[in-house]
Each structure stands twice: as C-alpha cells, then as structure tokens.
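Me: Please take a close look at a single part of this model and work outwards from there. I would like the pairing first, then what packs around it.

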Amino acid sequence: QLVIGPAGSGKSTYCSSLYEYCLASRRTIHVVNLDPAAENFDYPVAMDIRELISLDDVMEELGLGPNGGLVYCMENLEDNLDDWLTEELDNYLDDDYLVFDCPGQIELYSHVPVLKNFVEHLKRKNFSVCAVYLLDSQFMTDVTKFISGCMACLSAMVQLELPHVNILSKMDLVTNKKDLEDFLDPEPTFLLSELNQRMGPQYAKLNKALIELVNNYNMVSFIPLDLRKEKSIQYVLAQIDNCIQYGEDADVKVKDFDPEEDEYQLDTTTWQSRQLGMTMVTVLVKANSKLDNMNDVEAEAESDNVEKVECGNVEGSDKVLEDSS
Ligand SMILES: Nc1nc2c(ncn2[C@@H]2O[C@H](COP(=O)(O)OP(=O)(O)OP(=O)(O)O)[C@@H](O)[C@H]2O)c(=O)[nH]1
C-alpha cells in the first residue's frame, strides 16, 4: 500500500491503526516511513527514509524551506532507488506486505515524478502496489470541496497509474452521516445544480464538464473509514486486498470460510473471483450501504451492496458492468 493524501488527512494514524488491526488478526504488515519530516510514530517503523536523508538536515545544510527541502529529500530518494531502497527491500520476502506512509505534500502526487518512479521501482521488484488515497471527511462539507477533492484524487490516479482505493478518513468526527450521502453516491444532476448555485454563471460550462468527468468515468469514489470500528478497517483492507489480489494464491481454509458465520468473507471472495484479470478496479457501493457498513449493519445487506463494478484495463477504463446479482 502506498498511503497518500493531503497533509493532515490521517495517513500516519491510518497506518498505525492498520498495524494494530493486523497484529490483532495475526497478519504481518511492515510500515515504512517515507516522510523525511516525520518525528513521532505510533507504529514500529520497518524502514525509515530518515536513515537516508532527513528534512532537518537538508534545511540546515542547504538553507531550504520546508517544501523545497521535502522535494529535495524525495529527489534524493529517487537517486537512491537502486542503492538504499533496493538494499532495504532485499530484507523482505515475496509475500511480505509493506505499507508506505508518505508525506502529505500534494505536489508529490500531482506533478513531481518522484513517487511515480518509486512505484515503478517497486513494480520492477515484483511488488503489487495499490495507492490508498485519504481525504479528510471534515473537508467534504459542500459540493465545491467534493469536486476539488475528486480532482486532487484524480490527478494522483492519473500520475501514479495504480489501482486506487480512496478513503474518506476521520468518520468518527462526522456527526450527521446523512450530510455525506450525497457525496458518497453522487447524483450528477444534484451535483451540477449545487455547483451552479455556488459559482458564477461564467462557470456553467466548466461545471458541466467537471460533473460529466466525475460521473461518466466513475473514477473517483470514496469508502468511509471509522478507525474506531474494526469492521470498517476490515472492509477497507478487503478492498485493498482485492485490488492487489493479495492472498489469491493462498489455500482456502474451511474454518476461515463459513458463509453462515461470516458473510463478509463470502462477499470478499466473490469479489476476488469477479476481479481476476482486471488491473484497475473501482468498487462503487450505494452510499447508504457504505454508511451501513460503518454502523455494523448485518451481512445480509451486503448482498444488495454492490451496485456497479467499474473495471478498466491498461488501455482504458470505460467498461461499466451493471451488476444486479
Ligand atoms: N478524530 C480523528 N482524528 C484523526 C483521525 N486520523 C487522524 N486524526 C488526527 O488528525 C491529525 C493528523 O493526523 P495524521 O495521521 O498525522 O495525518 P497525516 O496525513 O499523516 O499528516 P501529514 O504527515 O502531516 O501529512 C492528528 O491530530 C490525528 O490525531 C481519525 O480517524 N479520527
């Protein structure tokens, strides 16, 4: 997992909660710090970019500011992909699961090619990589912020060319979940009329184009994550596992697969079989189903959860399967 997203969106907190969750479910993950400015960690740091270069040193020695210093550090990482990173990665085996906690500077996901080259390096080392993009739910207060969040997310998707799971973080802070429903399962006509109301008439054409982009390609959808709830973490992790087809070679254990006790796993397995051969998968579920997931709604709702599966291949992502089963 490459955990990315704007500063303060909750990436490090997500990494430490995921670590705790995996520890409790006896699954091993290794969390890597890729932020040269990070100081405190709530997870054991498996690899640390600061062993290569730290922001403090760069700012002091080169007289750079925090943003320029950060870009310098990341470019230094890029220069050391074949040396430092390769040596560090050699400590891990084929099945090892690494989670990279990235810095929050948005330019790293939009136009600076460092992370793209980092990902290419991981792929050359045979890692299956999934980008996990976190967006703060507190940010989603109106349609303009929704669209700008989508565009930031989309630019990371286009730049990194990776399977993406987009997460709406800090759901524990959302008091009225209904306020978010419009953005979890966006209705294009609603979005357009809201956008037109908030912006001057000269933007009408642009608004229409933006909504069409979000709607036609269904590329950006967000899964709400409430770190207080184990099921919520489990759900997000299952989506990511599906994206990278993690564990597809593992033998199915009968005790792990009791549909009556655990319909959630049945659902996940169904997904895995549907997604074979796809390189980019976005799962869209009904907004209320996502919120239900947050509220630990019973698994029978899950059979109705799946509204659409959008799947794209390397050439494009224009095939939408309506799935009513
Ligand atoms: N209530 C709540 N607070 C959260 C959650 N996740 C993160 N926070 C808080 O949000 C702030 C930022 O969280 P971080 O995990 O440091 O965010 P980050 O994306 O790693 O930040 P940068 O490293 O600066 O990019 C901290 O004060 C966290 O305690 C969450 O799920 N719920």
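Reply: V32 has F100 in β4 as its bridge partner. The model is predicted, so to speak of local features requires pLDDT of at least 70 and side-chain atom pairs count only at pLDDT 80 or more, while totals for chains, interfaces and linings use all residues. Residues are numbered from 1 along each chain as its sequence is written.

V32 lies in strand β2 (residues 30-33), which pairs with strand β4 (residues 98-101) in the parallel sense over four bridges (strands are DSSP runs of E of at least two residues, helices runs of H or I of at least four, both numbered from the N terminus; pairing needs at least two DSSP bridges). N33 likewise has a bridge partner in β4, namely D101. F100 of β4 is also the bridge partner of L2. L2 is in β1 (2-4), and β1 pairs with β4 in the parallel sense over two bridges. F100 therefore is the bridge partner in β4 of V32 and of L2.

These strands belong to an open sheet of seven, ordered β3-β2-β4-β1-β5-β6-β7, with parallel pairing. At its edges are β3 (45-48) and β7 (222-224), each paired on one side only. On average, and with direction ignored, neighbouring strands of the sheet are turned by 30 degrees against each other. Helix α1 packs on the sheet and touches β1, β2, β4, β5 (131-136) and β6 (164-169); the direction of α1 makes about 155 degrees with that of β4 (axes are fitted to C-alpha atoms, for helices over the stretch in contact, and angles run from 0 to 180 degrees between N-to-C directions; contact means backbone-placed C-beta atoms within 7 Å).

Helix α1 (residues 11-24) also contributes to the shell around the ligand: three residues come from this helix, the largest share. In total 15 residues surround the ligand, and G10, K11, S12, T13 and G104 are the closest (a residue is near if its backbone-placed C-beta atom lies within 6 Å). By class, this shell has three nonpolar, eight polar and four charged residues (Ala, Val, Leu, Ile, Met, Phe, Trp, Tyr, Cys and Pro are nonpolar; Asp, Glu, Lys and Arg charged; the others, Gly among them, polar).

Beyond the sheet come the helix pairs. Helix α2 (residues 55-62) crosses α3 at roughly 115 degrees, and their axes come within 9 Å. That makes α2 roughly perpendicular to α3 (65 to 115 degrees; under 35 is roughly parallel, over 145 roughly antiparallel, the rest oblique). On the α2 side the contact is made by L55, V58, M59 and L62, and on the α3 side by P66, G69, L70, Y72 and C73. The contact of α2 with α3 has eight nonpolar residues, one polar residue and no charged ones.

Helix α3 (residues 66-79) also packs with helix α6 (residues 114-124), here at an angle of about 25 degrees and with the axes 9 Å apart. That makes α3 roughly parallel to α6. M74, E75, L77 and E78 of α3 meet V114, N117 and F118 of α6. By class, four residues of the contact of α3 with α6 are nonpolar, one is polar and two are charged.

Helix α7 (residues 143-160) and helix α9 (residues 188-198) cross at roughly 110 degrees, and their axes come within 9 Å. The two are therefore roughly perpendicular to each other. V143, T144 and I147 of α7 make the contact with L191, E194, L195 and R198 of α9. The residues of the contact of α7 with α9 comprise four nonpolar, one polar and two charged.

How values were computed. Two residues are in contact if their C-beta atoms, placed from the backbone, lie within 7 Å.
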